Number of protein chains: 2
Amino acid sequence: MVKNKELQESRIRGYFIEAAKETLKGEGLKAVNVRTVSERAGYSFATLYNYFKDLNELVFICVSDFMDDCETSVDEHSARFNPGQERLKARMKATINYFIQYPGIFELFFVERMNDLGSGQPTARTIYEFTDRIVMDDIRHMTGSGEVSSEDEGLLKMNLRNSMAGLLLFYNNRLQPSDYEEFISIVEKQIDLSLRLCVKHT
Amino acid sequence: MVKNKELQESRIRGYFIEAAKETLKGEGLKAVNVRTVSERAGYSFATLYNYFKDLNELVFICVSDFMDDCETSVDEHSARFNPGQERLKARMKATINYFIQYPGIFELFFVERMNDLGSGQPTARTIYEFTDRIVMDDIRHMTGSGEVSSEDEGLLKMNLRNSMAGLLLFYNNRLQPSDYEEFISIVEKQIDLSLRLCVKHT
DNA sequence: TAAATTATATTATCATTGTTCATTTAGTTT
DNA sequence: AAACTAAATGAACAATGATAATATAATTTA
């Protein structure tokens, strides 16, 4: 029966994916290697190659899982706000907090160049668009209500995207600023600044 | 004679450093390995360890060299402008162009986490401050002339720093946007936006 | 049910890269 | 020339990604 086989296969793939995700969340990308992940999944390292082309394929399957995770977390943290500026801020902060909580995932998303082959290209676009998707609804809302002009819509999105990536890059990779409190205060300032640029009469 | 020995040693160190820099500029961080670099320097791989603690030490010596390179290039490209807004823009663009020209160096500066040990910590701070140093003079000038309020001085610096890192991160690592022309136009927009935020009556 | 076939998991093995160490080679002093 | 010192190197090991041949388990067929 073909159906059973598919189910079983996808379960085993799932064990490897789960193991890779745990390792990424806990110890980061550097700790993800064929032997560690396979052992965590309960298989020999060679078995991994029966279910994935190579380690990269496995790792980048995790990317889309984490995107869903992150969006869910952001939705939860912003549900109590009305659409618009306040919710936008909440969503930005939730996104940043997600990546702070799991530096390994940030690394995976933004830092590790989508290795070599064509398999990376679509992933790259997905990630790029991910950041826009996080803020899209609220920016649309603000454009709709006239708070943001339609020329500024794209600029705001761009500035939020770039500065968020920059903030996380410096904080996660460089430990700068060194403590979390200070970092959060800088995040606030950066988001307010982006909004100040574009939002009329704040 | 002790002096001779030091000179000879520092020359040989220089051969390794030069080889590492060439490889970084040309093929990027991934291509830098003990054997490649040593061969390029004209020595066996083992010789490298007579002059450097390990490969990381060698690589991070390159960082400060490249910072100097970059600053020189930025100075050249902005020399014809008067201090202030226009020169600031020119310097930002020159910085971005430098890293576009050598994606491997960007990777080295911003992406590769200063590995593990304590040797990384000071380097991290140096790099963080590097971006500020690029724009410092002009922002000071604008504060002095009253174009930028003293509260906004820090915000402008922060936004420029973060958004520059973000822009390069997306462009270099993700090839997004895909062509250079479009990227440059986005860079223009981003810089203008940062300035718009903070500079009075532009 | 036993044999044959297929699917799955694993061990053995190789290639690459960073690193160390003992040995060789070259240079210097006596 | 012999003894000594310093520099350069090759042999070797560990970690990691990957492949392929073999062993094991499951399934089908006679």
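How many cavities of 30 Å³ or more does the count come to? In this predicted model, the count comes to 3. Rolling a probe the size of a water molecule over the atoms shows where empty space is left. Two of these spaces are described here, starting with the largest.

The largest cavity has a volume of about 60 Å³. Its walls are made up of Met92(B), Thr95(B), Thr131(B), Asp132(B), Ile134(B), Val135(B), Lys157(B), Leu160(B), Arg161(B) and Met164(B). Which helices do these residues come from? In chain B, α5 (85–101), α7 (120–144) and α8 (150–174) each chip in with at least two residues of the lining. As for chemical character, the lining of the largest cavity splits into 5 nonpolar, 2 polar and 3 charged residues. Asp132(B), Lys157(B) and Arg161(B) are among the residues found in this lining.

Next comes the second largest cavity, with a volume of about 40 Å³. From chain A, its lining includes Tyr128(A), Arg161(A) and Asn162(A), while from chain B it includes Leu167(B), Phe170(B), Tyr171(B), Gln176(B), Pro177(B), Phe183(B) and Ile186(B). Helices from both chains take part: α8 (150–174) of chain A, along with α8 and α9 (180–198) of chain B, each supply at least two lining residues. Which helix gives the most to this lining? That would be α8(B), with 3 residues. Sorted by character, the lining of the second largest cavity has 7 nonpolar residues, 2 polar and 1 charged.

Conventions:
Residues are numbered from 1 along each chain as its sequence is written. Chains are lettered from A and ligands numbered from 1 in the order in which they are written. This is a predicted model: local features need pLDDT of at least 70, side-chain atom pairs count only at pLDDT 80 or more; totals for chains, interfaces and linings use all residues. Side-chain values use heavy atoms; hydrogens and water are left out. On a 1 Å grid over the protein atoms alone, a cavity is a set of points where a 1.4 Å probe fits but cannot get out, and a pocket is an open set with protein on both sides within 12 Å along at least five of seven lines; lining residues have an atom within 4 Å of a point. Grid points are joined across faces, edges and corners, and a volume is the space filled by probe spheres set on the points. Helices (H or I, at least four residues) and strands (E, at least two) are DSSP runs, numbered from the N terminus. Ala, Val, Leu, Ile, Met, Phe, Trp, Tyr, Cys and Pro count as nonpolar, Asp, Glu, Lys and Arg as charged, and the others, Gly among them, as polar.
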